[in-house]
Amino acid sequence: MAMRQTPLTCSGHTRPVVDLAFSGITPYGYFLISACKDGKPMMRQGDTGDWIGTFLGHKGAVWGATLNTDATKAATAAADFTAKVWDAVSGDEVLTLAHKHIVKTVTFTQDSNCLLTGGNDKLLRIYDLSNPEAAPQEIAGHTSAIKKALWCNNDKQILSAADDKTIRLWDRSSMEQVKMLTFETSVSSMEYVPDGEVLVITYGRTVAFYNALSLDLIKAVEAPAPINSASLHPEKDFFVAGGEDFKLYKFDYSTKEELESYKGHFGPVHCVRFSPDGELYASGSEDGTLRLWQTAVGKTYGLWKCVLPEDLGADNSEQLYTTTPEIKA
């Protein structure tokens, strides 16, 4: 009998959820941060979706959010022309980094000492967080707003995607452009997988995988609907994608075959990411919720408890979970 996917619903946001990110695995588990147009990024326990706290201080929509590896620091990018760095344990604001336009993306180096930002003023900025008064390093080249910027190659290089329909690879030390990819339409998302140096990008209905260092195409898959975000499983067995038809799709990475699709959201899916242990993936939507989905449906993990059919009475043999289909976290 097929198991039914039962997503955990994380409510609390009042506007569309436009970005999310997981921390690494810490002694306290792993954590999830969400960026929302309500201007109030939230931090949650990653495996359950339980709310931990809300970072208060932005005066506009928050477009990007990230956690450092050990979940001690958070950073957010917002429409109030600032990026902010937060103490992710206490929730206190640590730094406000003023920009000249809307900030869309923030990401820490692996050592958490530098923050990379990008946004509507078309510039990449690198802030030294140990010396925040110092002017940031700036990298120019994009001709439209930057959507996403990421460190790669052990923080020696930077990948950026912009509305100029390009993805560019930059050298951190020389601040020069190394390579550029051009697309027919704007790139909607970008994920970097350090293990194997894989770059996952989405544009139109396409999910494409590139070598992050050479920018050579590995493979591309066409989805049934326009895709806003995709994420590759840590073990590279499969990937998930979500977009304009409210659904989440799971594909086999090696064969490109569509394995499953799930509808749970009531609006387009803006972002999707696998957890660091690969046991679940989180999605954020126009409907204002995050949902957590099991990678292996029916496994006992987090708030999910598998109940085998023989353990159920004759009256409720249809119910494969001890949880209700709509679980509020």
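**A colleague's note on the predicted model**

1. Let me start at Ser229, which counts as buried at 2% relative accessibility. This is a predicted model, and the points below should be read in that light. Ser229 belongs to strand S22, residues 227-232. A polar atom of the Ser229 side chain lies 3.0 Å from the backbone nitrogen of Val272. The side chain of Ser229 also has a polar contact of 3.5 Å with the side chain of Arg273. Beyond four places in sequence, the residues that Ser229 touches include Ser189, Thr202, Val240, Ala241 and Gly242. His270, Cys271, Val272 and Arg273 are also among them.

2. Asn68 makes a good next stop. Asn68 sits in the loop between S6 and S7 and is buried, at 2% relative accessibility. What does the side chain of Asn68 contact? A polar atom of that side chain is 3.0 Å from the backbone nitrogen of Lys73, and there is a polar contact of 3.1 Å with the side chain of Ser112. Setting aside neighbours within four places in sequence, Asn68 is in contact with Ser23, Gly24, Lys73, Phe108 and Ser112. By contrast, Leu56 is 12 residues from Asn68 along the chain, and the two C-alpha atoms are separated by 19 Å.

3. Ala71 is worth a look in the backbone angles. Most residues other than glycine have a negative phi. Ala71 is not a glycine, yet its phi is positive, at about 60 degrees. Ala71 is found in the loop between strand S6 (62-67) and strand S7 (73-78). With a relative accessible area of 5%, Ala71 is buried.

4. Leu215 invites a similar check. Its phi is positive, near 60 degrees, in a residue other than glycine. The loop that holds Leu215 runs between strand S20 (206-211) and strand S21 (217-222). Leu215 is buried too, with a relative accessible area of 5%.

5. Now to the nonpolar interior. The largest nonpolar core has 18 residues. Those with the most contacts inside this core are Leu159, Ile167, Phe183, Met190, Leu199, Ile201 and Tyr210. Two or more residues each come from strand S14 (146-152), strand S15 (157-162), strand S16 (166-171), strand S18 (189-193), strand S19 (198-203) and S20. S19 gives the largest share, three residues.

6. Tyr210 deserves a closer read. Not counting residues up to four places away in sequence, Tyr210 touches Leu181, Phe183, Glu197, Val198, Leu199 and Ile201, among others. Its contacts also include Leu215, Asp216, Leu217 and Ile218. Leu215, the residue of point 4 with the positive phi, is thus one of the residues that Tyr210 touches.

7. On aromatic rings, the count comes to 11 aromatic pairs. Why is the pair of Phe22 and Tyr30 edge-to-face? The planes of these two rings are at 70 degrees, with the centres 5.7 Å apart, and planes over 60 degrees apart count as edge-to-face. Both partners are buried: Phe22 has a relative accessible area of 13%, and Tyr30 one of 5%. Phe274 and Tyr281 also form an edge-to-face pair, at 5.4 Å centre to centre and 70 degrees between the planes. Phe274 and Tyr281 are buried as well.

8. Ring pairs also link Phe209, Phe239, Tyr249, Phe251 and Tyr253 into a cluster. Tyr253 has a charged neighbour, with Lys219 lying over the face of its ring at 4.0 Å from the centre. In addition, the charged end of Lys250 sits over the ring of Phe238, 4.3 Å from the ring centre.

9. Last, the cysteines. How many disulfides does the structure hold? Zero. A disulfide is a covalent bond between the sulfur atoms of two cysteines. For Cys10, the closest cysteine sulfur is in Cys271, and at 12 Å this is too far for a bond. Cys152 has its closest cysteine sulfur in Cys114, 15 Å away, which is also too far for a bond. Cys10 is buried, at 0% relative accessibility, and Cys152 is buried with a relative accessible area of 1%. Cys271, named here as the partner of the Cys10 distance, is also one of the residues touched by Ser229.

How values were computed:
Residues numbered from 1 in each chain as written. Predicted model: local features only at pLDDT ≥ 70, side-chain atom pairs only at ≥ 80, totals over all residues. Heavy atoms only, no water. Phe/Tyr/Trp six-rings, centres within 6.5 Å; stacked < 30°, edge-to-face > 60°. Buried < 20%, exposed > 50% of the residue type's maximum accessible area, 1.4 Å probe, protein only. Lys NZ or Arg CZ within 6 Å of the ring centre and 35° of its normal. Helix = DSSP H or I, 4+ residues; strand = E, 2+ residues; numbered from the N terminus. Disulfide = S-S within 2.5 Å. Core = buried A, V, L, I, M, F, W, Y, C linked by side-chain atoms within 4.5 Å. Contact = heavy atoms within 4.5 Å. Polar contact = N/O pair within 3.5 Å; in protein donor to acceptor, adjacent residues only side chain to side chain.
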